[in-house]
Amino acid sequence: MENLKKNFEKIFNCSPEHVFTCGGRFEILGNHTDHNHGLCLAATCSLSISACVSKNGSSIVRVYSKGFKQSVVDLKNLNTVQEEKFNSASLVRGIANYLVERGYKIGGFDLYSESTIFPGAGVSSSAAFELLIAEIFNQLFNEDNIEKMILCKAGQYAENIYFGKKSGLLDQIGVGFGNIVAIDFKNENPTVENVEFPFKDLHFVIVNTGGSHAKLSDLYSKIPQDMYNAAEKMGCKYLRESSLEKLEKIKGELNESEYLRSLHFYNENKRVSKALSALKNKDEQQFLNMINESRISSTKYLKNMMVGDEYEGSPLQATDLAMKIMDGKGATKINGGGFAGSIICVVPSIYLKSFIQNMKERYGRDNIKEVFVRNNGPIKID
């Protein structure tokens, strides 16, 4: 924290007024269900962004993030700026616009941030940055009066409209509420329930398997599209509006991927409900079983555990290795969109040391992180 403050002082020639932090998120269950109004379990994690911040009495937001170019945003202009697409400046401008349109106040500030969220790990560094910015507007200019869901929707809006990336609301809610959250996306305003993690013997470890997401956008978009197609043939817009029984009746009208991915959706929702009950009833084995069943479903039905038949270096290979190291006793699944990137592993204490050592030898020490459930969303800590 002292280094963070010193770097702020070097850049802005003054001492910071406040320190903010915001964690990333990891997905426990509910893979590719949110876009069809399903159920999810997510958690805010200990990997985080920390920032020193001061009001500057102007309409200018100046953002310095370690490892990135400076972003400067004049809040007098809240329209989209084409040149800012895929840049952090677009997120600041988009969040500001969303809040202003709903009657909230904004203003200029200076920010220097550093992050422990490692890239490509599916821990939602973009959502963490969005909620950090939204919380700064909330605390510095609105006396902490903005509801969490509005802050989450501001982040999603900025990412969709200003940044230029399609996303649901799962990442922002997972980042914004803290703890483990059970999310029901049935309606436009999702319901969110905070849940404690009761299992002292289990540890979450993220393994970044590598591989670029840059050329995988078509594969990602085909998953929800297959589900939308199946829903349309059942006479509705989203799968959540129909049922597994109706899916079986129209099976003959669907191609293979439409059917299998819809089958995953309905059964994944059941797994989320069972895992939520397991958390509340402290049923460790049921919790692990649901995560492992999700992995199997992602492999057989959702088919997002590898690209084509490329097993080497895939998330599927990583989950196979992880389960072997744990003698099949823990659990593991894809973390996020899939095809490449990270997996989340639930490791019993007895295997933790050897698990981390073996996975570091295979994937590199910087790609293995034990993560903890963080009990708060974005906060001002000083």
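**Exercise 1. The second largest pocket**

How much space lies in the second largest pocket? Describe its lining as well.

*Solution.* The structure is a predicted model.

Step 1. The volume of the second largest pocket is about 210 Å³.

Step 2. Its lining consists of 13 residues, and those closest to the centre of the pocket are Phe197, Phe199, Leu202, Phe204 and Val373.

Step 3. Two elements, β8 (202–208) and β11 (368–371), give two or more residues to this lining. The largest share, three residues, is contributed by β8.

Step 4. Sorted by character, the lining of the second largest pocket holds seven nonpolar, three polar and three charged residues.

**Exercise 2. The surroundings of Ser71**

Determine whether Ser71 is buried or exposed, and identify the partners of its side chain.

*Solution.* Step 1. Ser71 belongs to strand β4, which covers residues 71–74.

Step 2. The relative accessibility of Ser71 is 5%, and Ser71 is therefore classed as buried, the cut-off being under 20%.

Step 3. Two polar contacts between side chains are found for Ser71: one with Asn87 at 3.3 Å and one with Ser88 at 2.7 Å.

Step 4. When neighbours within four places in sequence are left aside, the residues in contact with Ser71 are Val61, Arg62, Val63, Asn87, Ser88 and Ala89.

**Exercise 3. Strand β5 and its partners**

State in which sense β2 and β5 pair, parallel or antiparallel, and then treat the pairing of β3 with β5 in the same manner.

*Solution.* Step 1. Strand β5 spans residues 109–115 and is mostly covered, with five of its seven residues buried.

Step 2. The pairing of β5 with strand β2 (residues 39–55) is antiparallel and comprises seven bridges. Within β5, Ser115 stands opposite Ile49.

Step 3. Strand β3 (residues 60–65) runs parallel to β5, and five bridges join the two. Here Leu111 of β5 is the bridge partner of Val63.

Step 4. A general point assists in reading such strands: in a regular strand, side chains alternate between the two faces of the sheet.

**Exercise 4. A loop residue with distant partners in sequence**

Which residues does Asp201 touch, apart from those up to four places away in sequence?

*Solution.* Step 1. Asp201 is located in the loop between β7 (191–195) and β8.

Step 2. Its relative accessibility is 35%, so Asp201 counts as partly exposed; this class lies between the 20% and 50% cut-offs.

Step 3. With residues up to four places away excluded, Asp201 touches Glu284, Val347, Pro348 and Ser349.

Step 4. For Pro348, the separation along the chain is 147 residues, while the C-alpha atoms of Asp201 and Pro348 are separated by 5.6 Å.

**Exercise 5. Positive phi values**

Give the location, phi value and exposure of Phe86 and of Asp327.

*Solution.* Step 1. As background, most residues other than glycine have a negative phi.

Step 2. Phe86 has a positive phi, near 65 degrees, although the residue is not glycine. Phe86 lies in the loop between β4 and α2 (88–101).

Step 3. The relative accessible area of Phe86 is 59%, so Phe86 is exposed, a class that requires over 50%.

Step 4. Asp327, likewise a residue other than glycine, has a positive phi near 55 degrees. Asp327 is placed in the loop between α10 (315–325) and β9 (331–334).

Step 5. Because its relative accessibility is 53%, Asp327 also counts as exposed.

How values were computed
Residues numbered from 1 in each chain as written. Predicted model: local features only at pLDDT ≥ 70, side-chain atom pairs only at ≥ 80, totals over all residues. Heavy atoms only, no water. Helix = DSSP H or I, 4+ residues; strand = E, 2+ residues; numbered from the N terminus. Buried < 20%, exposed > 50% of the residue type's maximum accessible area, 1.4 Å probe, protein only. Polar contact = N/O pair within 3.5 Å; in protein donor to acceptor, adjacent residues only side chain to side chain. Contact = heavy atoms within 4.5 Å. 1 Å grid on protein atoms, 1.4 Å probe; cavity = no way out; pocket = protein on both sides within 12 Å on 5 of 7 lines; lining within 4 Å. Points joined across faces, edges and corners; volume = space filled by probe spheres on them. Nonpolar A, V, L, I, M, F, W, Y, C, P; charged D, E, K, R; others polar. Pairing = 2+ DSSP bridges.
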